[in-house]
Amino acid sequence: MQINNYQNYHETKQHTTAEFPYNTYPCSIPLDFTRIPLHWHDELELIVIKKGHGLISVDFQKKIVNAGDIIFIRPGCLHSIEQHESDSMEYENILLLPELLISGDNDLCATQFLRPLMSGSVPVEIFFTPAVPCHGQLTECICQIDLLCETRPDGWQLALKGYLFQFFYILISNQKKKEHASSPRLKSLEKMKLVLRYVEEHYTEPVSIEDMAALTYYSKSHFMKFFKLHMGTGFIEYLNDYRLTIAGQKLKNSSDSVLTIAEECGFEHLSYFNRLFKRKYGTTPGKYRSGLH
């Protein structure tokens with residue numbers, strides 16, 4: 001799995017099959033990639049840390065995660081995964097569409113529990129460490145699911161659904177006292193999604209801080225502070241990094257000239273593109289394409 005699979009902030013890559021929308025696969029940082037940029041998708045995601053340490057951010061909550069931790073990511077949540085210092089991390093990704101467990105519009109389990117859980121109206125913990133009382137129960141469900149996916153006996157899909165229902169029962173029965181996310185925080189999340197979606201859809205065009213301030217109904221100075229606070233970098237730096245990542249992919253996957261790719265990625269001046277590209281990748285676009293970096 002390559003980082004370009006996760007480059008779009010609103011990720012539309014199909015992780016699961018239509019007939020059984022569930023998938024699980026192992027990942028390793030930095031062997032597979034050093035980071036998965038901030039993104040979101042329609043699947044629910046569970047991240048199970050197997051070895052080492054890393055950094056995971058979910059809806060602006062960033063934490064160091066360790067072996068044994070389970071991270072619960074609702075559909076639509078902004079999240080990222082990255083290397084912590086020089087540490088390595090091995091983890092399992094579990095992805096499923098909520099529809100896997102919903103039998104129809106009148107499904108009581110869906111209307112009273114699953115849909116509220118997936119939408120966030122039932123608040124649950126995000127980071128489950130071994131210190132959390134229900135951690136052992138959740139881990140046992142995942143171990144049984146992993147065993148089913150590995151051996152695939154007849155009817156394994158039925159048993160997998162059963163363990164998923166058990167997993168969500170444990171979540172709901174142990175999280176009833178958790179407070180809801182505050183309205184200002186939810187508003188900030190939606191505004192950030194709006195900004196990131198705009199970048200994804202308009203990175204080929206001129207994009208300014210003034211544009212983003214107007215989009216979010218902030219003043220220019222307030223938008224700059226807002227973006228830096230939540231993303232840890234300035235907006236222009238982030239925009240350029242997004243464009244450069246796309247440019248790197250195009251250099252590897254197309255025969256277009258460097259000038260054409262620079263222009264397609266929103267850079268008006270080739271010299272500026274070359275300078276930023278070398279700063280990010282440590283080599284020129286031409287050498288990067290030929291594999292000489």
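Where is D59 found? Some notes on that and a few other spots follow.

1. First, a reminder that we are looking at a predicted model. D59 sits in the loop between β3 (44-58) and β4 (61-66). Its phi is positive, about 50°, although D59 is not a glycine. Worth a glance, given the usual pattern: most residues other than glycine have a negative phi.

2. Is D59 buried or exposed? Its relative accessibility is 7%, and the cut-off for buried is under 20%, so D59 counts as buried.

3. The setting is a hairpin: β3 and β4 run antiparallel and are joined by 6 bridges. There are 2 residues between the strands, and D59, with its positive phi near 50°, belongs to this hairpin. For a cross-strand pair to look at, try L55, which stands opposite I64 in β4.

4. What lies across from the hairpin in sequence terms? L186 and D59 are 127 residues apart along the chain, yet their C-alpha atoms are separated by 8.9 Å. L186 belongs to helix α4 (residues 183-202). With a relative accessible area of 42%, L186 is partly exposed.

5. Y217 is another residue with a positive phi, here about 60°, and again not a glycine. You'll find Y217 in the loop between α5 (209-216) and α6 (220-231). Y217 is exposed, because its relative accessible area is 74% and the cut-off for exposed is over 50%.

6. One backbone detail elsewhere: the peptide bond joining I29 and P30 is cis, with omega about 5°. P30 lies in the loop between β1 (22-29) and β2 (35-39). As background, most peptide bonds are trans.

7. Now the inside. Which residues have the most contacts inside the largest nonpolar core? They are L196, F223, F227 and F235, in a core of 34 residues. Helices α4, α5, α6, α7, α8 (258-264) and α9 (270-281) each supply at least two of its residues. The largest share, 8 residues, comes from α7. Another core, of 33 residues, lies apart from it, and includes L46, I94, A110 and V124. The general background is that in soluble globular proteins, nonpolar side chains tend to be buried together.

8. F223 is a handy place to start in the 34-residue core. Setting aside neighbours within four places in sequence, F223 is in contact with V195, I209, M212, A213, T216, Y218 and F235.

9. Does helix α7 come out straight or short on length, in other words what end-to-end distance does it have? Its 19 residues (residues 235-253) should span 27 Å at 1.5 Å a residue, and the end C-alpha atoms are 27 Å apart, so the two agree. The buried residues of α7 are F235, Y238, L239, N240, Y242, R243, L244, T245, I246, A247, G248 and L251. When you scan that list, keep the helix geometry in mind: with 3.6 residues a turn, residues three or four places apart point the same way.

10. L251 deserves its own point. It lies in α7 and is buried, with a relative accessible area of 1%. Leaving aside neighbours within four places in sequence, L251 is in contact with V258, I261, F277, P285, Y288 and R289. By contrast with those contacts, L251 and L31 are 22 Å apart in space, C-alpha to C-alpha, and 220 residues apart in sequence.

Technical notes. Residues are numbered from 1 along each chain as its sequence is written. This is a predicted model: local features need pLDDT of at least 70, side-chain atom pairs count only at pLDDT 80 or more; totals for chains, interfaces and linings use all residues. Side-chain values use heavy atoms; hydrogens and water are left out. Helices (H or I, at least four residues) and strands (E, at least two) are DSSP runs, numbered from the N terminus. Buried means under 20% relative accessible area, exposed over 50%, partly exposed in between (1.4 Å probe, protein chains only). The expected span of a helix is 1.5 Å times one less than its number of residues. Two strands pair if DSSP finds at least two bridges between them. A nonpolar core is a set of buried Ala, Val, Leu, Ile, Met, Phe, Trp, Tyr and Cys residues joined through side-chain atoms within 4.5 Å. Contact means heavy atoms within 4.5 Å.
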